[in-house]
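Trainee: Before we discuss this model, could you take me through the terms and the values behind them?

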Amino acid sequence: MPTYTRIIATGSYLPEKILTNKELESIVDTTDEWIYQRSGIRQRHIAADGELTSDMAIKAAHKALEQAGLKPSDIDGIIVATTTPDRTFPSTAVIVQAGLGMSAGLAFDVQAVCAGFIYALSTADGLMRAGQAKRMLVIGAEKISAILNWEDRATCVLFGDGAGAVILEAHEGQEGAQSDGILSTHLYADGSFKDILYTDGGVSLNGISGHIIMHGREVFKQAVNLMSDAVTAALEHNNLQVSDVDWLIPHQANIRIIESTARKSGFSMENVVVTVHNHGNTSAASIPLALDEAIRSGQVKKGQLALFEALGGGLTWGSALVRL
Ligand code: ACO
């Protein structure tokens, strides 16, 4: 029997400090109305001074472990998807590993910006199918506030900090649309779009982390087209229709991107999980954060079929179809 992987638990963490649109009005030349109309965002959480990406990741991981009834030593692999690592090296994943009191198993970071969680999930799925690990933590964690230019009103109003985690477990069993677990992942990248969303700093470029530069309209257009292509790829690969999927759980970048992608893919907004109004765009953390909130609130239930889709700087994008 083939090995496949299941999401057995989820957890998330948001920093205590909430930054509302109203408060942003005193930081940049903007209004609550502009931000809400263009993005659907009402507020975002911002990490405290000295609160690191790994701190948020560890808190989300503890929540997931608690839900699963597992100890850190039951985990034999950690992947952290992040664009905002604590340090250039070592990876945030090994800092999380040490923070959880673990000293065994594999640990590394994945950098695919806002598509990072889907890249990390796919990588973990492949490693577990290959027998490299039995139970893995896949975490999306971001301190995006650290790479925002707080004088650029076109970007600083859109993002927030946070972390989300899932625990994956390897199982033997039947594969295909009727089984549970990860049914498929589809990953894509096109570096010819590298100049529409990037930071103006980096280790080998100038030795600083830099700030986000974004050509918003171009990103918007590509995001809708490419994410709906990834949704179609997932459905076709599994011989499924939109009506077979219980929940679309998109990267929470902007309500207009979420709505346009859902519409283009044939989903009703009633079947779309939306948290962007409370979190802003938390990059790689956004899907596991949305998933955890939806599960804990009872909106999304065990046994339901969920389709994740995301796009980020690169451009990188992808989808994952998961029976929860
Ligand atoms: N407050 C008030 N006015 C603003 C603000 C602000 N925060 N930001 C920009 N403006 C102004 C602009 O200066 C411009 O003024 P002008 O007409 O006098 O020149 C006007 O608003 C319109 O600006 P546009 O950039 O054309 O506005 P648009 O309707 O395209 O909306 C937005 C901008 C929200 C960024 C949109 O392009 C978008 O959502 N893009 C996708 C970006 C995104 O979500 N990126 C996240 C990362 S990628 C991902 O995760 C998928």
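Mentor: Helices are DSSP runs of H or I with at least four residues, numbered from the N terminus. This is a predicted model, in which local features need pLDDT of at least 70, side-chain atom pairs count only at pLDDT 80 or more, and totals for chains, interfaces and linings use all residues. Residues are numbered from 1 along each chain as its sequence is written, and side-chain values use heavy atoms, with hydrogens and water left out.

Trainee: Which helices each supply at least two residues of the shell around the ligand?

Mentor: Helix H2 (32–39), helix H6 (153–156), helix H7 (216–237) and helix H8 (255–265) do, and H7 gives the largest share, four residues.

Trainee: Why is the ligand said to lie between domain 1 and domain 2?

Mentor: Both domain 1 (3–172) and domain 2 (182–323), whose bounds come from an automatic or database domain assignment, give residues to the shell, so the ligand lies between them.

Trainee: What makes the approach of arginine 153 to the ligand a polar contact?

Mentor: A polar contact is a pair of N or O atoms within 3.5 Å, and a backbone N or O atom of arginine 153 lies 2.9 Å from a nitrogen atom of the ligand.

Trainee: Why is serine 54 called buried?

Mentor: Buried means under 20% relative accessible area, with a 1.4 Å probe and protein chains only; serine 54, found in helix H3 (residues 53–68), has 3% relative accessibility and therefore counts as buried. Its side chain also makes a polar contact with the side chain of aspartate 86, at 2.5 Å.

Definitions and conventions: A polar contact is a pair of N or O atoms within 3.5 Å; within protein, one must be able to donate a hydrogen and the other to accept it, and residues adjacent in sequence count only if both atoms are side-chain atoms. Buried means under 20% relative accessible area, exposed over 50%, partly exposed in between (1.4 Å probe, protein chains only).
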